[in-house]
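Reader: I am new to this structure and would like to learn how to read it with care. Could you take me through a few features, giving the general idea before the case at hand?

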Amino acid sequence: MRIYKDIFTGDEIFADTYKMKLVDEVIYEVYGKLVTRSDGDIVLAGSNPSAEEADEGTDANVETGVDVVLNHRLQECFAFGDKKSYTAYLKDYMKKLIAELEKRAPDQVEVFKTNINKQMKEILGRFKDLQFFTGESMDVDGMVGICEYRDIDGVSTPVFMFFKHGLDEEKV
C-alpha cells in the first residue's frame, strides 16, 4: 500500500486503496464514496438491564461521511469564499511548490508548469461547485485538496483532486 502525504505539512492525504487516476501528469483524482460506520451497541461489562430499562442504554456511535475524508482525517476548509481568494492562495502555493520541485525533481518543473495551468483553468471554471480540504493539521500553507461531486454511472460520487507534485509517496 502507498500513502500520499503533503510535502509541506507531512499530513496524510490519501492512500492507493481508492480508485484513482492521474490527470495530465499533475493531478490525482481520487474517487470516494459516502459511508456510514457504527461502533455497535455499547454494553457495560457486568450490566444486566431489566426489560423496562433495556431501551435506556447508550446510543451507538454512528459516523457518516466520505471515506477519503474520514479515513485520512481531512478537514473541510472554509477559507475561500470566492474564486479570487482561492486564486491568491493558489499563486502562493504554486510558487512554493515550484521552488520545492526545483530542489527535489528539477526534471518535473516544466511538466508541472505546462500542465497545471490547463487543469486549474478548467477546475476554477467550476469553482461554485467545489469543496476544499486540508490535512489533519488544518495548515493552509500546505496542500488544499479540491472535491467536487460528479455523476458517475448514475451515482453522485465525490472526486478529490490533489496536486501530484505536492505529495510524497510512502510505501507501507
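Author: What follows is a conversation about confidence, strand pairing, aromatic rings and charged side chains.

Reader: Before we turn to details, what is the mean pLDDT of the protein?

Author: The general caution is that where pLDDT is low, the predicted coordinates should not be read in detail. This is a predicted model, and its mean pLDDT is 88, with 88% of the residues reaching 70 or more. Confidence is lowest in strand 5 (residues 34-38), at a mean of 87, and highest in strand 4 (residues 27-31), where it stands at 97.

Reader: How should I read the open sheet of three strands, and what is its order?

Author: As a general idea, strands of a sheet pair through backbone hydrogen bonds, either parallel or antiparallel. In this model the open sheet of three strands has the order 2-1-11, and its pairing is antiparallel. Strand 2 and strand 11 (167-171) are the edge strands, each of them pairing on one side only. On average, neighbouring strands of this sheet are turned by 30° against each other, if direction is ignored.

Reader: Over how many bridges do strand 1 and strand 2 pair?

Author: Strand 1 and strand 2 pair over three bridges in the antiparallel sense, and, to give one residue of that pairing, Ile3 has Ala15 in strand 2 as its bridge partner.

Reader: Now to the rings: how many aromatic pairs are there, and are the planes of Tyr4 and Phe14 stacked or edge-to-face?

Author: The idea is to look at the distance between ring centres and then at the angle between planes, with under 30 degrees counting as stacked and over 60 as edge-to-face. The count comes to 16 aromatic pairs. Tyr4 and Phe14 form a stacked pair, with 4.5 Å from centre to centre and 15° between the planes. Tyr4 belongs to strand 1 (residues 2-6) and Phe14 to strand 2 (residues 12-15), so this pair ties together parts of the chain that are ten residues apart in sequence. Tyr4 and Phe14 are both buried.

Reader: And what kind of pair do Phe8 and Tyr93 make?

Author: The ring centres of Phe8 and Tyr93 are 5.9 Å apart and their planes stand at 80°, so this pair is edge-to-face. Phe8 is in the loop between strand 1 and strand 2, while Tyr93 is in helix 2 (residues 83-104), so that the pair links distant parts of the chain, 85 residues apart. With a relative accessible area of 27%, Phe8 is partly exposed, whereas Tyr93, at 2%, is buried. Ring pairs also link both residues into a cluster with Phe80, Tyr86, Tyr89, Phe127, Phe132 and Phe163.

Reader: Which residue lies over the face of Phe8?

Author: Lys96 lies over the face of Phe8, at 4.5 Å from the ring centre. Elsewhere, Lys19 lies over the face of Tyr31, at 5.1 Å from the ring centre.

Reader: How many salt bridges does the structure hold, and which residue does Glu169 pair with?

Author: In general, side chains of opposite charge can pair when their charged atoms come close. The structure holds 13 salt bridges. One of them joins Glu169 to Arg2, with the closest N and O atoms 3.1 Å apart. Since Glu169 lies in strand 11 and Arg2 in strand 1, the pair ties together parts that are 167 residues apart in sequence. Glu169 is partly exposed, at a relative accessible area of 43%, and Arg2 is partly exposed as well, at 31%.

Reader: Where do Lys5 and Glu170 lie?

Author: Lys5 and Glu170 meet in a salt bridge at 3.3 Å, N to O. Lys5 lies in strand 1 and Glu170 in strand 11, so this pair ties together parts that are 165 residues apart in sequence. Lys5 counts as partly exposed at 23% relative accessibility, and Glu170 counts as partly exposed at 36%.

Reader: Which residues are linked in a network of salt bridges?

Author: Lys21, Glu29, Arg126, Glu148 and Arg150 are linked in such a network. Another salt bridge is formed by Glu25 with Lys164, whose closest N and O atoms are 3.7 Å apart.

Technical notes. Residues are numbered from 1 along each chain as its sequence is written. Side-chain values use heavy atoms; hydrogens and water are left out. Rings of Phe, Tyr and Trp (its six-membered ring) pair if their centres lie within 6.5 Å; planes under 30 degrees apart count as stacked, over 60 as edge-to-face and the rest as tilted. Helices (H or I, at least four residues) and strands (E, at least two) are DSSP runs, numbered from the N terminus. Buried means under 20% relative accessible area, exposed over 50%, partly exposed in between (1.4 Å probe, protein chains only). A charge sits over a ring if NZ of Lys or CZ of Arg is within 6 Å of the ring centre and within 35 degrees of the ring normal. Two strands pair if DSSP finds at least two bridges between them. Axes are lines fitted to C-alpha atoms, for helices over the stretch in contact, and angles run from 0 to 180 degrees between N-to-C directions. pLDDT is the predictor's confidence in each residue, from 0 to 100. A salt bridge is a side-chain nitrogen of Lys or Arg within 4 Å of a carboxyl oxygen of Asp or Glu.
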